[in-house]
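User: Could you walk me through this protein model, one question at a time? I am new to reading structures.

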Amino acid sequence: MAKKVRAAVIGAGAIGPVHMNGYVQTPSAELVAICDVDRGRAKAAAEKYGAAHVFTDYKELLASDLVDAVSVCTPNNTHMPISIAALKAGKHVLCEKPIAFDGNQARKMVEAARKARRILMTAQSMRFGAGAQLIKKLTDQGRFGELYFGKGMMLRRNGIPRGWFQDVKQSGGGPLIDIGVHVLDFLWWVMGMPKPVSAFGVTYDHLGKRGQGRGNWGVNYAPGKFSVEDLGAGMIRFADGKAISIEVSWAAHTGDNYFARILGTKGGAQLNPDLVLYETVGDTPVEVRPQTARVDGYVEEVRHFVRCIQRGEKPLVDASQSAVVMDMLRGIYKSAKTGRPVSL
Ligand SMILES: NC(=O)c1ccc[n+]([C@@H]2O[C@H](COP(=O)([O-])OP(=O)(O)OC[C@H]3O[C@@H](n4cnc5c(N)ncnc54)[C@H](O)[C@@H]3O)[C@@H](O)[C@H]2O)c1
């Protein structure tokens with residue numbers, strides 16, 4: 001049997017414990033250490049998930065020989081420096097989304113992984129759900145014909161996240177980079193990762209900057225420091241004529257609305273709120289509602305990462321793909337700023 005992968009989680013805030021649970025639920029992994037600048041938080045998580053070691057400085061963790069792999073679950077501006085340091089120290093890295101602020105930062109991380117011969121995977125959890133996996137499998141089997149349009153929406157009425165998320169220097173952007181990255185990555189992956197050629201987009205910050213939209217999410221809310229968009233929308237056009245359109249918000253005068261749809265020449269599919277396949281039988285439009293198994297996409301994501309390390313395989317979400325996704329998101333931001341379509 002392959003040796004267990006010894007793992008640490010860096011960042012014990014909201015998503016860190018989700019990774020910890022993933023390692024604990026993976027028999028071929030062992031959660032060895034937790035690192036957070038907040039010692040109390042790291043210690044509490046280590047006790048809860050049974051990790052033997054606690055660190056407050058990730059450099060000390062990386063200098064130790066305690067682990068083979070780390071999850072990077074810290075604020076967005078720290079993803080690149082922590083991941084590159086981990087790769088240079090010979091650790092495999094599962095880095096939270098967005099992989100970095102932009103495609104160029106992401107490519108530096110990919111280069112570090114190549115040099116270190118280690119895995120750098122992005123935690124695009126949406127790809128690992130049972131519905132997402134089924135849609136991808138059916139797409140690849142040709143069930144929907146040629147996919148030509150993807151549409152994704154993640155609208156929150158009152159969902160501005162806390163603290164650093166609102167500070168562009170730490171987050172790199174608002175809902176486009178925070179949740180737009182999920183739906184754009186999912187649609188682009190299902191559609192076969194076509195080459196993007198242009199982007200058009202808009203961003204607004206009307207509600208966020210006047211202190212609205214905090215809901216249950218926004219503790220430590222500081223309206224004066226709100227320096228990102230609260231709503232963003234964009235369209236990406238691909239070299240083969242396909243397109244993806246996304247609309248995302250943390251705060252807007254609308255009902256909460258999450259969905260992702262793909263449209264093909266023979267059929268289409270919707271991932272959420274319900275998993276639905278759209279087909280035509282004879283002349284009759286038909287809807288199919290698959291009964292997929294209940295799986296925890298977050299646990300599947302960590303298991304996949306561990307399996308790739310043990311087998312020396314390329315991960316499903318290789319970080320080089322995320323570099324392209326970040327190029328697309330930056331294209332939308334640039335277009336929003338200039339008021340013109342931009343070439344990618
Ligand atoms: N995949 C998902 O569904 C999902 C969900 C939530 C967050 N995220 C991503 O996960 C990352 C973290 O988000 P969060 O909501 O958990 O944030 P958070 O603020 O709740 O937690 C971040 C933690 O990192 C710690 N930290 C900050 N700098 C550090 C450093 N240099 N070394 C060690 N620890 C450090 C903080 O003390 C904090 O405990 C973000 O990139 C976010 O986009 C992903």
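Analyst: Happy to! Let's start with a word we will need: a residue is buried when its relative accessible area is under 20%, and exposed when that area is over 50%. Keep in mind that this is a predicted model.

User: How many residues of strand 2 are buried?

Analyst: Strand 2 covers residues 29-35 and is mostly covered. Of its seven residues, the number that are buried is six.

User: Which residue in strand 2 is the bridge partner of Val5?

Analyst: Strand 1 (residues 5-10) and strand 2 run parallel, joined by six bridges. Helix 1 (residues 16-24) belongs with these two strands in a right-handed β-α-β unit. Within strand 2, the partner of Val5 is Ala29.

User: And which residue in strand 3 is the bridge partner of Ala33?

Analyst: Strand 2 is also joined to strand 3 (residues 53-55), in parallel, by three bridges. Here too there is a right-handed β-α-β unit, made by strand 2, helix 2 (residues 39-49) and strand 3. The partner of Ala33 in strand 3 is His53.

User: Which helix gives the most to the largest nonpolar core?

Analyst: In soluble globular proteins, nonpolar side chains tend to be buried together. The largest nonpolar core here has 73 residues, and Leu61, Ile99 and Phe186 are among those with the most contacts inside it. With eleven residues, the element that gives the most to this core is helix 8 (residues 175-190).

User: Why does this core lie between two domains, and which are they?

Analyst: The core draws residues from both domains, so it lies between them. They are domain 1 (5-126) and domain 2 (127-297 + 326-343).

User: How many residues are in the second, separate core?

Analyst: This second core includes Ala69, Leu94, Phe128 and Phe305. Its number of residues is 27.

User: Is Leu277 buried or exposed?

Analyst: Leu277 sits in strand 13 (residues 276-281). Leaving aside neighbours within four places in sequence, its contacts include Leu138, Phe144 and Val286. Its relative accessible area is 3%, and the cut-off for buried is under 20%. Therefore Leu277 is buried.

User: How far apart are the C-alpha atoms of Leu277 and Arg289?

Analyst: Along the chain, these two residues are twelve residues apart. In space, their C-alpha atoms are separated by 6.4 Å.

User: Are the rings of Trp164 and Phe165 stacked or edge-to-face?

Analyst: The structure holds two aromatic pairs, and Trp164 with Phe165 is one of them. Their ring centres are 3.8 Å apart and their planes are at 20 degrees. Planes under 30 degrees apart count as stacked, so this pair is stacked.

User: Which residue does a cis peptide bond join to Lys97?

Analyst: Most peptide bonds are trans. In this bond, omega is about -15 degrees, making it one to look out for as cis. The partner lies in the loop between strand 5 (92-96) and helix 5 (103-116). Lys97 is joined to Pro98.

User: Is Arg117 buried or exposed?

Analyst: Arg117 lies in the loop between helix 5 and strand 6 (120-123). Its phi is near 55 degrees, a positive value in a residue other than glycine. Its relative accessibility is 72%, and the cut-off for exposed is over 50%. Therefore Arg117 counts as exposed.

Technical notes
Residues are numbered from 1 along each chain as its sequence is written. This is a predicted model: local features need pLDDT of at least 70, side-chain atom pairs count only at pLDDT 80 or more; totals for chains, interfaces and linings use all residues. Side-chain values use heavy atoms; hydrogens and water are left out. A nonpolar core is a set of buried Ala, Val, Leu, Ile, Met, Phe, Trp, Tyr and Cys residues joined through side-chain atoms within 4.5 Å. Buried means under 20% relative accessible area, exposed over 50%, partly exposed in between (1.4 Å probe, protein chains only). Helices (H or I, at least four residues) and strands (E, at least two) are DSSP runs, numbered from the N terminus. Domain bounds come from an automatic or database domain assignment. Two strands pair if DSSP finds at least two bridges between them. A crossover is right-handed if, with the strands pointing away from the viewer, the path from the first strand over the helix to the second runs clockwise. Contact means heavy atoms within 4.5 Å. Rings of Phe, Tyr and Trp (its six-membered ring) pair if their centres lie within 6.5 Å; planes under 30 degrees apart count as stacked, over 60 as edge-to-face and the rest as tilted.
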